[in-house]
Amino acid sequence: MTVMDAALREPLKALRLSGMLETLDTRLAQAHGGELGHLYFLEVLCQDEITRRETVAFQRRLQRAKFEQQVTLEEFDFTASSKLPAAQIRDLGALRWLHAGESVILFGPVGVGKTHIAQALGHLAVRQGAHVRFAKTGRVLADLAGGHADHTWEKRVRELVRPDVLILDDFAMRQLSAAQADDLYELVSERQGRSLIITSNRAPSDWYPLFPNPVVAESLLDRLINTSHQAIMNGPSYRPNKRPRNPTEQDQVGKPVDVVGILGSRGDR
C-alpha cells in the first residue's frame, strides 16, 4: 500500500464509504494497469458503493419482512397441479397491484402453496425496494389484543400500517370475536391505499358469517374484496413435493404400496 493509498482510505472511512474501501485495492490495480481512466475510476468506485448500500438495504428489508421461509416465485413448481392459475400468478409477479395500491387474495384448500406464493410475491416486492411484513392473522389479532391490555394498541397498529405490503396468512380460519372484528376493520381501514396479501382456506364469500356484526363484516369485506385480485389455488397438496426423502423413498416414488403386506408383517410380530 502506497502513502497515497493510505491517505485515500482515511477519508473513505470517515465518510463511511465501505463499499469503496472493499474494492479499492482491485480498482487501484486496474487503474495502475491502465484499465481505468481517472473519470471511470471514480465512476466505478461510486458504483461499488451504491451496490453495497443497495445490498445492505435489501438484506435489512428482508429481515424486517419476517418471512417464515425465504422462497421465490422462480422456484415454485407450477407443474405440481394443472389446476393452479399459473398465468395469473406470474402476472401478479409483475407487481402492478403493488404500484396501484391494490391487494391480492389467494384462497384454496390446505397445502396448495398459498403461503409460498404470498411470501414469494412479498420477496419480489422487497427486491423492488418495498417494505413488507409477513404475519399469521391469528398472531396479529393476539398482538392487537395485547395492545388493548397495555395501552399500546395505537403503536402496534402503526407498525402494521407502515409497510408497503402486509401479508396476512391464514385469514378467516375461525369465528371472530367482536373485538377481533373491530381490530381487523381498523387495520384494513388504516391501510387504505396500501397493499395486502391475504391467504385463506375459505373463499371470500364465506368470510361474512365469521363476523359477529354484519355491518362490520359488510364495511370491511366489501372494500377489501372488491379492490383485490383474487386467485383460486386448487389441486392436490404441494407439500409432499417439498418433503425431504431418504434414498429408499426416492426409489419407491411412483410405486404402489403393498398395504396388506405391511399390515400383515406387523401382525406377525
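This report walks through the fold, a few helix packings and some individual residues of a predicted model.

## The chain as a whole

Let's start with the overall picture. The protein chain has 269 residues, and 41% of them count as buried. Its secondary structure comes to 13 helices and five strands.

On the outside, the accessible surface adds up to about 15,600 Å², and carbon and sulfur atoms own 53% of that. As for contacts, take those in the protein chain with a separation of 6 or more: 79% of them link residues 24 or more positions apart.

## Helix H7 and its partner H8

Helix H7 covers residues 137-150 and helix H8 covers residues 153-161; their axes sit 7 Å apart, at an angle of about 150°. Since angles over 145 degrees count as roughly antiparallel, that makes H7 roughly antiparallel to H8.

Who does the touching? On the H7 side the contact is made by Val-140, Asp-143, Leu-144, Gly-146, Gly-147, His-148 and Asp-150, and on the H8 side by Trp-153, Arg-156, Val-157 and Leu-160. Sorted by class, that contact of H7 with H8 holds five nonpolar, three polar and three charged residues.

## H7 again, this time with H9

H7 also packs with H9, with the axes 10 Å apart and an angle of about 100°. Angles of 65 to 115 degrees count as roughly perpendicular, so H7 and H9 are roughly perpendicular to each other.

Here Val-140, Leu-141, Leu-144, Ala-145 and His-148 of H7 meet Gln-180, Asp-183, Leu-184 and Leu-187 of H9. The class tally for the contact of H7 with H9 is six nonpolar, two polar and one charged. Val-140, Leu-144 and His-148 are worth a click in the viewer: they turn up in the contact with H8 and also in the one with H9.

## Positive phi in the S3–H9 loop

Next comes the loop between strand S3 (165-169) and helix H9 (178-190), where Asp-170 lies. Most residues other than glycine have a negative phi. Asp-170 goes the other way, with phi near 55°. At 26% relative accessibility, Asp-170 counts as partly exposed.

Ala-172 is in the loop between S3 and H9 too. Ala-172 is not a glycine either, yet its phi is positive, at about 60°. Is Ala-172 buried or exposed? With a relative accessibility of 13%, Ala-172 counts as buried.

## Two buried leucines

Leu-220 belongs to helix H10, which runs over residues 214-225. Its relative accessible area is 1%, so Leu-220 is buried. Leaving out residues up to four places away in sequence, Leu-220 touches Leu-184, Tyr-185, Val-188 and Phe-211. Leu-184 lies 36 residues away along the chain, and the C-alpha atoms of the pair are separated by 7.9 Å. Leu-184 is also one of the H9 residues that meet H7.

Leu-92 is in helix H4 (residues 86-92). Leu-92 is buried as well, with a relative accessible area of 5%. Beyond residues up to four places away in sequence, the contacts of Leu-92 are Trp-97, Val-104, Leu-121 and His-229. His-229 is 137 residues from Leu-92 along the chain, and their C-alpha atoms are separated by 8.5 Å.

## Ser-228 in strand S5

Ser-228 is part of strand S5, which spans residues 228-232. With a relative accessible area of 14%, Ser-228 is buried, since the cut-off is under 20%.

What does the side chain of Ser-228 reach? The backbone oxygen of Leu-224, at 2.5 Å. Setting aside residues up to four places away in sequence, Ser-228 touches Ser-103, Val-104 and Ile-105. Val-104 is also on the contact list of Leu-92.

## Thr-23 in helix H2

Last stop: Thr-23, which sits in helix H2 (residues 18-32). Not counting residues up to four places away in sequence, Thr-23 touches Leu-45 and Asp-48. The C-alpha atoms of Thr-23 and Val-44 are separated by 9.6 Å, with the two positions 21 residues apart along the chain.

Technical notes:
Residues numbered from 1 in each chain as written. Predicted model: local features only at pLDDT ≥ 70, side-chain atom pairs only at ≥ 80, totals over all residues. Heavy atoms only, no water. Axes fitted to C-alpha atoms, helices over the stretch in contact; angles between N-to-C directions. Helix = DSSP H or I, 4+ residues; strand = E, 2+ residues; numbered from the N terminus. Parallel < 35°, antiparallel > 145°, perpendicular 65-115°, else oblique. Contact = heavy atoms within 4.5 Å. Nonpolar A, V, L, I, M, F, W, Y, C, P; charged D, E, K, R; others polar. Buried < 20%, exposed > 50% of the residue type's maximum accessible area, 1.4 Å probe, protein only. Polar contact = N/O pair within 3.5 Å; in protein donor to acceptor, adjacent residues only side chain to side chain. Areas by Shrake-Rupley, 256 points an atom, 1.4 Å probe, with all protein chains shown as cover.
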